[in-house]
Amino acid sequence: MEDELVIKPLLVKQEPDNISDSNDHGDSSGAGAAVRPNDSSATVILVISTFVVACSTFTGGSVGVYSSLAESGIIADLGLTVAEYSVFGSIMTIGALIGALVSGRTTDLIGRRCTFWIVDIFYIMGWLAIIFSKGVWLLDFGRLSLGLGFGLTCFVGPVYLAEITPKNLRGGFMSIALSMASYGASFSFLIGSFISWRMLAIIGCIPCLLLLLCLFFIPESPRWLAKIGKEREFEAALQRLKGQNADTSHEASEIKDYTENLQKISDDKILNLFQRKYVHLVIVGVGLMVVQGLAGPYVFTFYMSEIFDSAGISSTVGYLVVAIFQIPATVLGASLIDKFGRRTLLMASAFGECLGCFLAGLSFLLQDHNWWKEVSPILALIGVLVYLGSYSFGMGGIPWIIVSEIFPINVKGSAGTLCNLVSWFCSWVVSYTFNFLFEWSSAGTFFIYSSICGFGVLFVAKLVPETKGRTLEEIHESLTHILQ
């Protein structure tokens with residue numbers, strides 16, 4: 001019965017502010033305010049810290065679509081063969097896999113803030129190598145370096161924000177910062193058709209330089225400092241994030257007690273994830289990464305021009321419409337996540353992706369049978385817009401938010417590495433197999449993706465916990481049965 005009472009609130013929709021009120025009936029003096037110190041307003045330092053994550057994910061979005069936009073220019077200027085350019089385009093995924101492999105250990109070993117320094121070094125090195133490249137080797141090195149930075153960003157960004165943001169702001173701030181990947185892609189689509197590939201790389205350096213500047217002002221994650229035993233630095237970082245006049249004693253005590261308790265239990269090793277108390281968390285984290293990756297987002301990122309051309313749509317027009325449409329969709333997700341919760345938006349997003357892929361598949365099916373030739377291109381465009389809009393407000397960022405929230409800090413590094421690897425492996429599988437599937441059946445390809453998205457709706461409904469309105473310590477205690 002105790003286990004049911006602990007787990008159940010995270011699996012049903014509820015108002016989180018009522019969680020701690022069960023023992024406070026009849027107390028009008030504020031006894032139920034035990035969780036209130038964790039409710040905070042945004043401080044300047046918190047905004048700057050969020051901006052750092054936003055810059056790194058914005059760059060990641062630009063990196064993802066760069067090879068699609070620069071293809072004709074690079075092949076013409078540097079004389080690359082199709083095979084050489086294919087290596088250039090795909091090597092980013094290899095870099096991201098390497099970054100994912102070391103992301104958890106690196107972030108735990110040197111800290112979240114120092115990892116951002118490494119991310120920015122990889123980003124700047126990558127863009128500069130592409131800008132000054134005269135041949136294939138420097139070009140590939142630059143793309144590999146950008147992939148390494150993006151692979152690290154996918155883990156350190158959401159983990160850092162989850163650890164520094166108050167529970168009442170966490171969903172919105174994380175959603176805004178992580179959705180910058182969509183903005184980066186949209187911005188590149190908007191300008192990529194009108195400028196050269198070198199100029200596009202130069203513009204890609206701008207958010208990296210802003211990231212470099214802001215890194216001088218942000219604090220280290222207080223929870224990571226507590227984990228490694230730096231008590232004075234922990235209290236100073238927490239005070240900076242909350243504001244100089246804020247009372248941080250309650251939250252500081254809660255974090256220290258919980259972290260000390262976790263440190264006594266186990267070290268952060270990959271095998272610890274397969275203990276019984278973590279199995280459900282691993283299923284949720286890995287499952288979300290599988291659904292997100294195999295549902296095909298990188299198909300639309302890497303092969304959008306091919307999809308538009310095959311559907312009879314102008315690539316330039318398609319890029320512009322997609323870029324404009326993604327912006328309100330992303331804003332919508334950020335504004336709703338702390339109101340309706342993670343699970344609701346994830347299910348709505350997965351259903352929207354399912355519908356978008358189905359419409360795209362239906363348009364190619366009509367085209368294959370020469371039915372409604374005037375309608376099929378419009379249907380394909382609507383399908384792409386519905387898919388990408390749905391991805392932007394939910395499946396694009398929320399799986400990373402949940403992964404960064406549900407794992408305790410004693411296994412967060414290993415869990416993050418595993419989830420990050422699964423995400424990039426699935427992305428590689430989808431991007432590698434797309435051309436083969438598309439040649440086999442253009443309609444069938446999108447129907448397969450639609451089925452995966454449909455499975456995602458059921459997966460989220462049955463297994464994914466709701467985490468809105470909870471501190472990280474409350475989430476971990478409820479999900480892993482650890483008593484302080």
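Which residues does serine 56 touch, not counting residues up to four places away in sequence? In this predicted model, serine 56 touches Phe116, Val119, Tyr123, Thr153 and Leu211. Serine 56 itself is part of helix α2, which covers residues 44–78. With a relative accessibility of 0%, serine 56 counts as buried, because the cut-off for that label is under 20%.

Stepping back to the whole chain, the secondary structure amounts to 21 helices and zero strands. The chain has 484 residues, and 59% of them count as buried. Contacts that link distant parts of the sequence are plentiful here: taking contacts between residues at least 6 apart in sequence, 83% join residues at least 24 apart.

Two of the helices can be checked against the span expected for their number of residues. Helix α12 (residues 276–294) has 19 residues and runs 27 Å from its first C-alpha to its last, close to the expected 27 Å at 1.5 Å a residue. Helix α20 (residues 442–463), with 22 residues, reaches 32 Å between its first and last C-alpha, and that is close to the 32 Å expected. Plenty of side chains in both helices are tucked away. In α12 the buried residues include Tyr278, Leu281, Val282, Val284 and Gly285, as well as Met289 and Gln292. After α12 comes glycine 296, with a positive phi near 100 degrees. In α20 the buried residues include Ser442, Ala443, Phe446 and Tyr449, along with Cys453, Phe459 and Val460. An α-helix has 3.6 residues a turn, so residues three or four places apart point the same way. As for what they meet, the buried residues of α20 pack against α12, α13 (297–302), α14, α16 (342–368), α17 (376–395) and α19 (412–440).

One of those partners, α14, also packs with other helices. Helix α14 (residues 304–311) and helix α15 (residues 315–340) pack at an angle of about 120 degrees, and their axes are 9 Å apart. The two are therefore oblique to each other, and α14 passes α15 in a right-handed crossing. On the α14 side the contact uses Met304, Ser305, Phe308 and Asp309, while α15 supplies Ser315, Gly318, Tyr319 and Val322. Sorted by class, the contact of α14 with α15 has four nonpolar, three polar and one charged residues.

Next up is the pairing of α14 with α17, where the angle is about 155 degrees and the axes are 9 Å apart. Because angles over 145 degrees count as roughly antiparallel, α14 is roughly antiparallel to α17. Met304, Ile307, Phe308 and Ala311 of α14 make this contact with Pro377, Ala380, Leu381, Val384 and Leu388 of α17. What classes do the residues of the contact of α14 with α17 divide into? There are nine nonpolar residues, no polar ones and no charged ones. Met304 and Phe308 turn up in the contact of α14 with α15 and again in the contact of α14 with α17.

Helix α17 and the loop before it hold a couple more details. Serine 376 lies in α17 and is buried, with a relative accessible area of 4%. Leaving out residues up to four places away in sequence, serine 376 touches Ser363, Leu366 and Gln367. Asparagine 370 sits in the loop between α16 and α17. Although asparagine 370 is not a glycine, its phi is positive, at about 55 degrees. Is asparagine 370 buried or exposed? Its relative accessibility is 54%, so asparagine 370 counts as exposed.

Elsewhere in the chain, helix α6 (residues 167–178) and helix α18 (residues 398–406) pack at an angle of about 130 degrees, with 10 Å between their axes. That angle makes α6 and α18 oblique to each other, and α6 passes α18 in a right-handed crossing. Arg170, Gly171, Met174, Ser175 and Leu178 of α6 meet Trp400, Ile401, Ser404 and Glu405 of α18. By class, that contact has four nonpolar, three polar and two charged residues.

Last comes glutamate 233, found in helix α10 (residues 231–242). Glutamate 233 has a relative accessible area of 40% and is partly exposed. Glutamate 233 and serine 221 are 12 residues apart in sequence, and their C-alpha atoms are 9.8 Å apart in space.

Definitions and conventions:
Residues numbered from 1 in each chain as written. Predicted model: local features only at pLDDT ≥ 70, side-chain atom pairs only at ≥ 80, totals over all residues. Heavy atoms only, no water. Axes fitted to C-alpha atoms, helices over the stretch in contact; angles between N-to-C directions. Helix = DSSP H or I, 4+ residues; strand = E, 2+ residues; numbered from the N terminus. Parallel < 35°, antiparallel > 145°, perpendicular 65-115°, else oblique. Left-handed = near helix turned anticlockwise from the far one by under 90°. Contact = heavy atoms within 4.5 Å. Nonpolar A, V, L, I, M, F, W, Y, C, P; charged D, E, K, R; others polar. Buried < 20%, exposed > 50% of the residue type's maximum accessible area, 1.4 Å probe, protein only. Expected span 1.5 Å × (residues − 1).
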